[in-house]
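Let's take a walk through this structure together, one region at a time. Have the sequence and the 3D view ready, and follow along as we go.

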Amino acid sequence: MSANSIDSLQHEGRHFPPSDSFVSTAVASPDLYDQANRDRLGFWADRSRELLHWHTPFTEVLDWSDAPFARWFADGELNVAYNCLDRHVLAGNGDRVAINWEGEPGDSRTLTYSELTAEVKRAANLLIKLGIGTGDTVAIYLPNVPEAVIAMLAVVRIGAIHSVVFGGFSAESLRSRIDDAQAKLVITADGGWRKGKVSPLKPAVDGALALDKGTPLSVEHVLVLKRGDNDIDWVEGRDLWWHDEIETVGSEHEAVGFPAETPLFILYTSGTTGKPKGIIHTTGGYLTQVTFTHKNVFDLNPEKDVYWCSADVGWITGHSYTVYGPLSNGATSVLYEGTPDSPHPGRWFEIIEKYGVSIFYTAPTAIRSFMKVGRQVPDAFDLSSIRLLGSVGEPINPEAWMWYREVVGAGTAPIVDTWWQTETGAIMVSALPGITSLKPGSAQVALPGISISVLDETGVAVEPGSGGLLAITEPWPSMLRGIWGDPERFVETYWSKFRDAFDTPVYFAGDGARLDADGDLWLLGRVDDVMNVSGHRLSTAEIESALVSHPIVAESAVVGAADEATGQAVVAFVVLRSEHAGDQTVDEASVLLRGHVTEQIGAIARPRQVFIVEELPKTRSGKIMRRLLQDVAEGRAIGDTTTLADASVMQLIADRYKK
Ligand code: WTA
């Protein structure tokens with residue numbers, strides 16, 4: 001093993017080949033891999049022509065001469081909204097449901113492809129009336145309601161650029177994103193429903209726009225959707241009600257084609273430090289890969305399936321797999337406004353039962369929170385419509401994978417563990433159901449047309465069985481095209497660590513990964529989180545998995561804390577499953593779990609300490625913030641908690657374990 005690689009200590013040997021019945025009807029066929037291996041660019045060009053409507057066909061596939069600045073399908077023209085809407089209506093599918101929307105208080109709304117198309121045309125006309133044109137940016141700060149989708153599609157329909165800001169972000173964060181993108185219009189709502197009450201949005205917009213940043217404000221208008229019915233302030237002339245304005249415009253709008261490298265959206269990744277990066281995606285390549293992956297990874301049959309991705313539209317998963325992928329494929333989706341446990345812990349399962357969801361895509365953090373409350377909650381609902389499950393956002397540890405399959409997937413549904421990033425735009429690594437023999441906890445293989453390697457620090461590919469750094473070695477259609485306004489940071493952050501044999505930059509993803517003997521990938525977490533214990537580089541993900549494999553544990557986070565003897569020592573934070581919370585004292589549980597990790601992995605990984613906590617600190621998109629836990633483990637004052645979904649969680653932990 002190379003000295004620069006990440007040591008891997010996990011042993012997981014279960015395999016689940018697809019059932020014969022799944023294989024016989026599967027959407028993806030094994031020859032996709034052969035085609036892509038023979039001719040990668042030809043493969044993507046074929047997919048793009050077959051899956052999308054091009055107003056002007058492209059003749060060029062990829063221009064990589066200015067690497068890492070890529071141009072895909074650059075001389076072609078298309079309209080993303082036309083691909084997501086009009087073409088389905090023209091094909092005779094206007095009566096198919098596009099969105100089954102469920103509000104948190106229990107109200108609901110169904111939009112067919114015809115209805116959604118009509119709404120988007122009107123909204124496009126309204127944007128034009130408000131002075132928005134090609135290349136302008138529009139900030140969208142809305143709850144998970146149909147108008148969020150309508151607004152996004154209306155913006156792209158006219159060749160403008162959206163920047164969706166998740167409704168949980170503060171006035172300050174919203175303002176920095178508005179300024180960075182120079183948004184001319186903000187589309188928001190009075191408020192939206194979260195956790196059983198109206199959570200106000202318009203006041204945050206008012207606050208954001210009132211901040212004195214010493215620079216002229218780019219925003220001319222604020223378009224306000226009435227949703228929460230909460231009292232709000234009003235700035236005459238600037239603020240406009242959506243329902244009033246939409247009445248003033250016509251319903252006809254013809255979608256024209258725009259060049260394939262027209263920016264589609266900017267999406268800010270918060271990261272753990274520094275100024276958020278405005279990740280830029282463009283139209284043709286993005287829509288090609290998103291449409292292809294949504295169809296093949298999720299085995300989508302648009303005429304029959306009911307698909308639900310639980311991600312908020314404010315995240316990349318919401319962009320690619322709640323909005324663009326499903327609509328481009330003409331799928332029927334569910335869109336839910338609220339939180340998983342409002343008004344009761346079974347709300348998501350109730351929605352699956354109500355709409356007969358057949359394909360369900362969510363994050364490990366949600367799965368583990370359901371493990372914490374116990375299987376009696378999902379067991380109270382009829383989940384028999386489910387035939388495929390997906391996971392994204394973090395490594396899914398094998399025990400959570402097994403639980404998901406047993407409890408939500410009736411022990412039979414294939415699970416696709418999909419690895420990708422805001423930057424990659426679409427899924428990059430995943431099983432293809434019906435082809436791949438599944439391994440719990442492994443994201444498995446690069447998709448057809450995608451080239452992934454695991455490299456050591458010096459850029460040499462690691463041997464099977466070892467861990468290293470995940471790199472993407474060839475450009476891909478939905479790749480980020482840059483960081484808004486900061487090309488140097490783009491090159492520096494993603495393309496400066498490795499170069500290939502032709503001296504072309506290689507994309508470094510920032511994640512650790514292990515390649516097993518079969519060539520399957522196991523994600524090991526962010527490289528920044530890797531620990532060094534007695535000279536061994538250990539990944540957080542594997543030790544966390546070992547902890548979660550104990551029946552009393554629902555969730556865990558592991559950090560490296562400075563240690564005189566070993567350099568760093570493993571410190572674990574553990575959330576117990578509700579039904580076991582009172583079984584042992586805290587000290588007993590700690591002894592039990594330290595012993596369990598020793599058994600599962602070895603003494604090298606045994607936690608120096610195990611802290612039992614009620615909840616783990618997470619970002620608004622559900623990622624554990626290990627940096628803050630490290631502050632506690634090292635006895636420091638806790639650092640910046642502004643990116644946490646709930647800062648009180650961290651305060652509780654700090655109070656309990658203060659030295
Ligand atoms: C992590 C979300 C393991 C990873 C689409 C990545 C995963 C970051 C997986 C991107 C997975 C995402 N297994 N880790 N299946 N999917 N990640 O930008 O660390 O919110 O770099 O995009 O999430 O997070 P982002």
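In what order do the eight strands of the open sheet run? Going across, the order is E12-E11-E8-E6-E7-E14-E15-E23, and the pairing is mixed. Keep in mind as you look around that this is a predicted model. At the edges of the sheet stand strand E12 (239-241) and strand E23 (482-483), and each has a single partner strand, so one side of each is left without a neighbour in the sheet.

Now pick out a pair from inside that order. Strand E7 (residues 161-164) and strand E14 (residues 263-269) run parallel, and two bridges join them. If you'd like a spot to click on, try His-162, whose bridge partner in E14 is Phe-265.

Next, let's look for hollow spaces. The structure holds seven cavities of 30 Å³ or more, and the largest has a volume of about 180 Å³. Which elements give two or more residues to the lining of that largest cavity? They are strand E26 (521-526), helix H18 (540-548) and strand E29 (553-563). H18 gives the most, with five residues. In total, 20 residues line the largest cavity, and those nearest its centre are Pro-395, Ile-396, Asn-397, Ala-541 and Ser-545. Sort the lining by class and you get nine nonpolar, five polar and six charged residues.

E29 deserves a second look. Ten of its eleven residues are buried, so E29 is largely enclosed by the rest of the structure. This strand also has a partner: E29 and strand E30 (residues 567-576) pair in the antiparallel sense over ten bridges. The two form a hairpin, with three residues between them. One of the places to see the pairing is Ala-561, which has Ala-569 in E30 as its bridge partner. While you're looking at strands, here's a handy rule: in a regular strand, side chains alternate between the two faces of the sheet.

Helix H16 (residues 398-408) is another enclosed element. Nine of its eleven residues are buried, so H16 is largely enclosed by the rest of the structure. Among those buried residues are Trp-401, Trp-403 and Tyr-404, along with Arg-405. After H16 comes Ala-410, which has a positive phi, near 50 degrees.

Time to visit the ligand. Which residues are closest to it? They are Asp-417, Thr-418, Gln-421, Thr-422 and Asp-511, out of 16 residues that surround the ligand. Zoom in on Thr-422 and you'll find one of its polar side-chain atoms 2.6 Å from an oxygen atom of the ligand. Lys-623 also has a polar side-chain atom by a ligand oxygen, at 3.2 Å. With Gly-393 it's the backbone that takes part: an N or O atom there lies 3.1 Å from a nitrogen atom of the ligand.

Let's finish with Arg-594, which you'll find in helix H19 (residues 586-600). Is this residue buried, or partly exposed? Its relative accessibility is 28%, so Arg-594 counts as partly exposed. For a sense of distance, jump from there to Ser-320: the two residues are 274 apart along the chain, and their C-alpha atoms are separated by 40 Å.

Conventions:
Residues numbered from 1 in each chain as written. Predicted model: local features only at pLDDT ≥ 70, side-chain atom pairs only at ≥ 80, totals over all residues. Heavy atoms only, no water. 1 Å grid on protein atoms, 1.4 Å probe; cavity = no way out; pocket = protein on both sides within 12 Å on 5 of 7 lines; lining within 4 Å. Points joined across faces, edges and corners; volume = space filled by probe spheres on them. Helix = DSSP H or I, 4+ residues; strand = E, 2+ residues; numbered from the N terminus. Nonpolar A, V, L, I, M, F, W, Y, C, P; charged D, E, K, R; others polar. Buried < 20%, exposed > 50% of the residue type's maximum accessible area, 1.4 Å probe, protein only. Pairing = 2+ DSSP bridges. Near = heavy atom within 4 Å. Polar contact = N/O pair within 3.5 Å; in protein donor to acceptor, adjacent residues only side chain to side chain.
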